[in-house]
Structures are given as structure tokens and as C-alpha cells.
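Work through the following exercises with the sequence and the coordinates open beside you. Each task is followed by a solution that goes step by step.

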Amino acid sequence: MSTEQTPTPRPNIGAIPPYVAGKPPTVRPGMVSYKLSSNENPYPPLPGVVEAVQQAVGSMNRYPDMGSASLYQALSDRLGVPVDDLSLATGSVGLIYQLVQAFCEPGDEVVYAWRSFEAYPIAVTAAAATSVKVPVLPDGRHDLDAMAAAVTDRTRIVLVCTPNNPTGPAVTRAELDAFLAKVPPRVLVVVDEAYLEFVRMADPVDGLATYRRHRNVVLTRTFSKAYGLAGFRVGYAVAPEPIAGALRAVSLPFGVSTVAQVAAIASLEREAELLERVEALVAERTRVVDGLRAAGWDVPEAQGNFVWFDLGERTLDFAAAADELGIVVRPFAGEGVRVSIGEDEANDRLLKLAQEFPR
């Protein structure tokens, strides 16, 4: 008796963990609900950005500029780097996928901290590469010594998420320099700077200076967070030309839409107003962290636009209690909860919850 055969995907496809997006807020009668689960910028688009996008929409019957020439030039001018050292993608997460695709053979190893950005194991597994997860330190920081020790002959990429999503701390320039001195130059070191604009610390990483000193360093950045363009999906990498060129070679044709390109350029032109909003969010972050610590919580240093609660088995209880107060947060079952810095009222509710929830 013959068995009917059907097409089957590669074995690694079935092992890809699902990406869990932040839930939308629960609708509660008589109460404004807030979404603090996706690290979005709570401010509306900058003045002038919507108008630029509306004008661009009129040409939606045409393909985007596949070369993204205007946006590449704007980034080159803003950052002081050659156009050939840039690569665009659908958010910085798109760049992570492209990096693993371009540099890893099946079975090659990718080293990263854990817990960190949940797209890392998805991208690695999708490429049939192997994840090497190095636990973060008790305070949520990267254990860079352990990560350097985890590098083997099979390692092709090391991912350094700074500030680390979801725990919050960032690595210092001295720490990153010492780490790079230990990593073989054949290994690609990805410095994921999705939350770069929110960093306020002594001795911060200077990503551009680091990329200029090392031929194996790539920076990944995004317009989704500080720039408030999460809905348009546009990010960029800065890397030496051979690396940037490899990323462009595997990029999705026409992946960055016309409106995304226009919105990113318009946002770059209004960066002074953007930075005012970032400062306001950083001030709110400080208020929230101070309030949480005053309430007895030992939260890690927050250098992104979010805070982390190490809750273990109480994670889902905390998320449910937040939902009752009209704020939806991002639980990682059995580990902890990440809460974005949002509107003032939303942050006030988080502080209320922190005071009432048993520690």
C-alpha cells in the first residue's frame, strides 16, 4: 500500500519558536486602557511627517525606489558614513534575519545573551543555525566574559543587544571594547542599538566609533522606537562595506515601502523635535524607576523605554493585575514582565500596581 507524499519543509522550520507580539489593551467600559506591551513611542508622529506621508501615498500605484537612494543619502549625511556602509531593511529585526542568512551555514553557532530580544532564536532557527544562549547576570546585564568564552570554532555571529530588551541595562564602551578584544576577527559582532536614543549613562557605547575601529562590527538601528515609526517598518545597519553589501544582497526587493522611506527622511529632518520627546520619555522613565524603587522593587537599570520586573512564577499574576487596571504589559511566562514607558496616566497606574502587588 503506497503512502501519499506531500511537500515537507526543512526540519528546522518546525522548531522555530513563535514570535509573541505585545497584546492590545483590553477594552474596559468607562476606563481608558493603555498598551504598554510593545515598547512603542506613545507620542503621535512629528509635525510634518504625516503630511509628507500623505503626499507619498498618492503614488502607491508605483513600486518604491528599490535603491532607497534618498534615504541612504540622508542617513549618510546624518551619520557621516559612506552610503556603501549602510543597509536598509524592514526594521532592525529584518536586519537580524538577513545577517544570519548571509553569514551562517546550517549548524553554525550564534552566541547571544538570554533573555534578550525574542526574535534572535527565531532568526537563528529559521536559518538552520544553532543558538548559544548565555544567561544574563542577576542584574539583567550581559555576561560578556561568559559570552566571549562561549565562542567556538563554529561561531559565526555574536549578538550584543544594548540596551538589552527586555531587561534594560546597556553595556559600557569599556566593556564592549574589552569584549571585542577577546572575539576573533572572523566572528561578526552585531551591536543591536534599537534603543540607542534613550541611553543616559556614564561611558556609553559609541557605536559609530566602534564600527570605524573594527572590520567585524555591524550596528543595527531602527526608526520604530524613538522616531515613532513602528507601523512603517524601517531600520538600518551600519557596517564595513563587505558586510553591508552582503546584507543588501540578501535584502527583500522593494522591502522598505515608499511611505516608510519618506517618513524616515522627514523624521531625520525634524530630529531636534524628536529629541525633545525622547528627553520627556527619559524623564518619565526616571520617575517610574524612582517610584518603583521607593515602593520596594529592585528593578534593573533601565536604559531603554521600558522597565523589567523579575517575577518568576508570579509573572502571569502581575500581568493579570495590570490588565485589571487598564494597562496591558508584556509577560514572559516564568521569567518576568516588561513594561513600556507610556502616557503619564498609564505610568501612574503602573506605580499604583507596584505599590499594591505583593513583593
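## Exercise 1: the cavity and the domains

The largest cavity is lined by Asn41, Tyr43, Pro44, Pro45, Leu46, Ala226, Tyr227, Gly228, Leu274 and Arg277. The model is predicted, and local features need pLDDT of at least 70, side-chain atom pairs count only at pLDDT 80 or more, while totals for chains, interfaces and linings use all residues. Residues are numbered from 1 along each chain as its sequence is written, and side-chain values use heavy atoms, with hydrogens and water left out.

Task: place the largest cavity relative to the domains, and state its volume and the classes of its lining residues.

Solution. Begin with the domain assignment, which gives domain 1 (21-45 + 270-356) and domain 2 (48-269); such bounds come from an automatic or database domain assignment. Both domains give residues to the lining of the largest cavity, so the cavity lies between them. On a 1 Å grid over the protein atoms alone, a cavity is a set of points where a 1.4 Å probe fits but cannot get out, whereas a pocket is an open set with protein on both sides within 12 Å along at least five of seven lines, and lining residues have an atom within 4 Å of a point. The volume of the largest cavity is about 50 Å³, where a volume is the space filled by probe spheres set on the points, and grid points are joined across faces, edges and corners. The structure holds one cavity of 30 Å³ or more. By class, the cavity lining has seven nonpolar, two polar and one charged residues, with Ala, Val, Leu, Ile, Met, Phe, Trp, Tyr, Cys and Pro counted as nonpolar, Asp, Glu, Lys and Arg as charged, and the others, Gly among them, as polar. As a last step, note that the centres of domain 1 and domain 2, taken over C-alpha atoms, are separated by 24 Å. The contact between the domains (heavy atoms within 4.5 Å) takes 24 residues from domain 1 and 30 residues from domain 2.

## Exercise 2: two pockets

Task: describe the largest pocket and the second largest pocket by volume, lining and contributing elements.

Solution. The largest pocket has a volume of about 560 Å³, and among its 27 lining residues Tyr19, Ser38, Phe117, Lys225 and Arg233 lie nearest its centre. The elements that give two or more residues to this lining are α3 (91-103) and β11 (330-332), helices (H or I, at least four residues) and strands (E, at least two) being DSSP runs numbered from the N terminus. The lining of the largest pocket divides into 11 nonpolar, eight polar and eight charged residues. Since domain 1 and domain 2 both contribute to that lining, the largest pocket lies between them.

For the second largest pocket, the volume is about 370 Å³; 22 residues line it, and Leu88, Gln98, Ser251, Leu252 and Gly255 lie nearest its centre. Both β2 (86-89) and α3 supply at least two residues of this lining, and α3 gives the most, with five residues. Its classes are 11 nonpolar, nine polar and two charged residues.

## Exercise 3: threonine 162 and its loop

Task: decide whether threonine 162 is buried or exposed, and identify the backbone features of its loop.

Solution. Threonine 162 lies in the loop between β5 (155-161) and α6 (173-182). Its relative accessibility is 5%, so threonine 162 counts as buried (buried means under 20% relative accessible area, exposed over 50%, partly exposed in between, with a 1.4 Å probe and protein chains only). A polar atom of the threonine 162 side chain lies 2.9 Å from the backbone nitrogen of valine 171. Not counting residues up to four places away in sequence, threonine 162 touches Ala170, Val171, Val191, Asp192 and Glu193.

Turn next to the peptide bonds. The bond from threonine 162 to proline 163 is cis, with omega near -5°, and another cis bond joins asparagine 165 and proline 166, with omega about 20°. Proline 166 is also placed in the loop between β5 and α6.

## Exercise 4: positive phi

Task: which accessibility class does arginine 233 have, and what is its phi?

Solution. Arginine 233 is found in the loop between β7 (217-222) and β8 (235-238). Phi of arginine 233 is near 55°, a positive value in a residue other than glycine. Most residues other than glycine have a negative phi. At 32% relative accessibility, arginine 233 counts as partly exposed.

Key. Polar contact = N/O pair within 3.5 Å; in protein donor to acceptor, adjacent residues only side chain to side chain.
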